[in-house]
Amino acid sequence: MTAAIAAPAYDAIVIGSGIGGLVTATQLAAKGAKVLVLERYLIPGGSAGWFERQGYRFDVGASMIFGFGDRGTTNLLTRALADVGQALETIPDPVQIHYHLPNQLDLKVHRDYEAFLQELIAQFPQEAEGIRRFYDECWQVFNCLNAMPLLSLEEPKYLFNVFLQHPLACLGLVKYLPQNVGDIARRYIRNPDLLKFIDMECYCWSVVPATMTPMINAGMVFSDRHYGGINYPKGGVGRIAEKLVAGLEAKGSSIRYKARVTRILTEKGRAIGVELADGEKLYAKRIISNATRWNTFGELLPPQQEPAQEQRWQQRYRQSPSFLSLHLGVKADLLPAGTECHHILLENWDELEVEQGTIFVSIPTLLDPSLAPPDRHIIHTFTPSWLGEWDNLSPSEYRDRKAAAAAKLIQRLEAIFPGLSSAIDYQEVGTPRTHRRFLGRQNGTYGPIPRRKLAGLLGMPFNRTAIPGLYCVGDSTFPGQGLNAVAFSGYACGHRVAADLGLV
Ligand SMILES: Cc1cc2nc3c(=O)[nH]c(=O)nc-3n(C[C@H](O)[C@H](O)[C@H](O)COP(=O)(O)OP(=O)(O)OC[C@H]3O[C@@H](n4cnc5c(N)ncnc54)[C@H](O)[C@@H]3O)c2cc1C
């Protein structure tokens, strides 16, 4: 595709204002770059956005937030905000997840590491040593990550310096980079139910069982929940994106909403600009896509320009399912004192990965009551679902299927919240079609998952692409899904682009 030459008005254009895109943009702006963020929707945040209905402020997706700690180097959300002069008040969550699992496996992951281990060991006393050794090994990964600044692994000067300053941590990470959790867990643990539990510990953020989940990501998640902890941003998850935008603008860069990019413009094979849905063309020295790789290479560039390296990546990774989401407003007296914010429910291990199998629950109003009207709580519950279940339906079939799926979810949730169905004050159902429509994600996917067992994180692409001048950021780049993970990707992308612009 050839476009007319024009002097670039910006150092960088970022397509999309998810947390990955905003962290890239703010990192660049903080280094003096002139950045324009183009967002197709009305507000920033993408999967970390929000919507308001009848006095409830619902999080679109993410609500179990890592990266808000106040020490170490892995607290990337705290750092990303501070780098552009912003901060957010957060509320510590004393329990990451209350699990309700098959065979009466009912346990809580306490913020306190020892309390969590004791609770798990009480369920599997014969595995006491293995449990401790497995989770302690996760700490080794975390301690390596947490010893160094997390920037671009594609930047040789940084890699060289970090190796000089932290040689042992680097060697530790190199050791774990090609490994998966399942193999390490099986070195220490024998009990099949406990191994299933480790599968669920992975599945609930990686959407694949432990054998397919990279150890680097697990080291981060299984340890940071006890180190920096899970902390909910006061005012809702959407505040993170709002604050990043405020920081971006304070640094002299800008964001435009309702600005859907339909094409990445190239000249002699190099990305030089973008075209919006209304035909407007904008140019920059560097183009960064926060859309998924499938959207970027499958929709924003002509198919004949799809680089061989993207095709190879797609042979290794496929799209995960999307979610069926139920946003409920409920009477507050439904929830007894001591109810935790996050729950996971599964009745039968065979259904861990099936359509609408595992149920995730978040009740953010237990931490921040201001998100709901007085005497009300929000229950946001979601379960994996494929677009195929929801496509090609007539409007009435679609409505009926949503109602039936919501009723089934509510009926299953009665097991942990007795009386739920009669306590509902507000209800809204979102399907994979909703995720596709409002988040612009192909098939509404949550992100990439390995097609088969891969060597840890080695196959995940970094930020540079085979098209000069074009970078990708967000959950389809290293290290994957989750707000703190895409913040890592944003740090790395901002760093790599800044180096290419001569700003660092
Ligand atoms: C239901 C659900 C629950 C989750 N729970 C958690 C959780 O508890 N904790 C956690 O850490 N993570 C959670 N996640 C995952 C986390 O939200 C995502 O991994 C992360 O937010 C993805 O960020 P991103 O920057 O990659 O992209 P996105 O959030 O997808 O943002 C991309 C942005 O780009 C915009 N865009 C796309 N195409 C274009 C275009 N052509 N033109 C202009 N703009 C465009 C989109 O509108 C969007 O705003 C959850 C996700 C979901 C869906």
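Modeller: Helices here are DSSP runs of H or I with at least four residues, and strands are DSSP runs of E with at least two, both numbered from the N terminus. The model under discussion is predicted.

Biologist: What share of residues 19–478 is helix, and what share is strand?

Modeller: UniProt, in an unreviewed entry, lists residues 19–478 as "domain: Amine oxidase". The C-alpha atoms at the two ends of that span lie 14 Å apart. As for its content, the span is 35% helix and 22% strand.

Biologist: Into which domains is the protein divided?

Modeller: Some of the domains are built from separate stretches of the chain, as the residue ranges show. The division gives domain 1 (10–53 + 67–88 + 233–316 + 452–500), domain 2 (117–122 + 129–229) and domain 3 (321–442).

Biologist: How many nonpolar, polar and charged residues are on the side of domain 2 that touches domain 3?

Modeller: The C-alpha centres of domain 2 and domain 3 lie 30 Å apart. Their contact takes six residues from domain 2 and seven residues from domain 3. On the side of domain 2, the classes are four nonpolar, no polar and two charged residues.

Biologist: Why does the shell around the ligand lie between two domains, and which are they?

Modeller: The ligand has 39 residues around it, and Gly-16, Gly-18, Gly-46, Gly-61 and Gly-474 come nearest. By class, the shell holds 17 nonpolar, 17 polar and five charged residues. Because two domains both give residues to this shell, it lies between them: domain 1 and domain 3.

Biologist: Which element gives the most residues to the shell around the ligand?

Modeller: At least two residues of the shell come from each of α1 (19–30), β14 (322–331) and α15 (483–500). The element that gives the most, with three residues, is α1.

Biologist: Are α2 and α15 parallel or oblique to each other?

Modeller: Helix α2 (residues 76–83) packs with α15 at an angle of about 45°, and their axes are 9 Å apart. Leu-76, Leu-77 and Ala-80 in α2 meet Leu-483, Asn-484, Ala-487, Phe-488, Gly-490 and Tyr-491 in α15. This contact has seven nonpolar, two polar and no charged residues. Angles under 35 degrees count as roughly parallel, and α2 and α15 are therefore oblique.

Biologist: Are α2 and α10 roughly parallel or oblique to each other?

Modeller: Between α2 and helix α10 (residues 238–250) the angle is about 30°, with the axes 9 Å apart. Leu-77, Ala-80 and Leu-81 of α2 make the contact with Ile-240, Lys-243, Leu-244 and Gly-247 of α10. Its residues are five nonpolar, one polar and one charged. Since angles under 35 degrees count as such, α2 and α10 are roughly parallel.

Biologist: Is the peptide bond from Phe-478 to Pro-479 cis or trans?

Modeller: Pro-479 is located in the loop between β20 (470–472) and α15. With omega near 5°, the peptide bond from Phe-478 to Pro-479 is cis.

Biologist: What is the phi value of Asn-103?

Modeller: Asn-103 belongs to the loop between β6 (95–101) and β7 (105–110). Its phi is positive, in a residue other than glycine, and is near 55°.

Notes. Residues are numbered from 1 along each chain as its sequence is written. This is a predicted model: local features need pLDDT of at least 70, side-chain atom pairs count only at pLDDT 80 or more; totals for chains, interfaces and linings use all residues. UniProt positions are given in the numbering used here, feature names are shortened, and annotations may be inferred rather than shown by experiment. A residue is near a molecule or strand if its C-beta atom, placed from the backbone, lies within 6 Å of it. Ala, Val, Leu, Ile, Met, Phe, Trp, Tyr, Cys and Pro count as nonpolar, Asp, Glu, Lys and Arg as charged, and the others, Gly among them, as polar. Domain bounds come from an automatic or database domain assignment. Two residues are in contact if their C-beta atoms, placed from the backbone, lie within 7 Å. Axes are lines fitted to C-alpha atoms, for helices over the stretch in contact, and angles run from 0 to 180 degrees between N-to-C directions. Angles under 35 degrees count as roughly parallel, over 145 as roughly antiparallel, 65 to 115 as roughly perpendicular and the rest as oblique.
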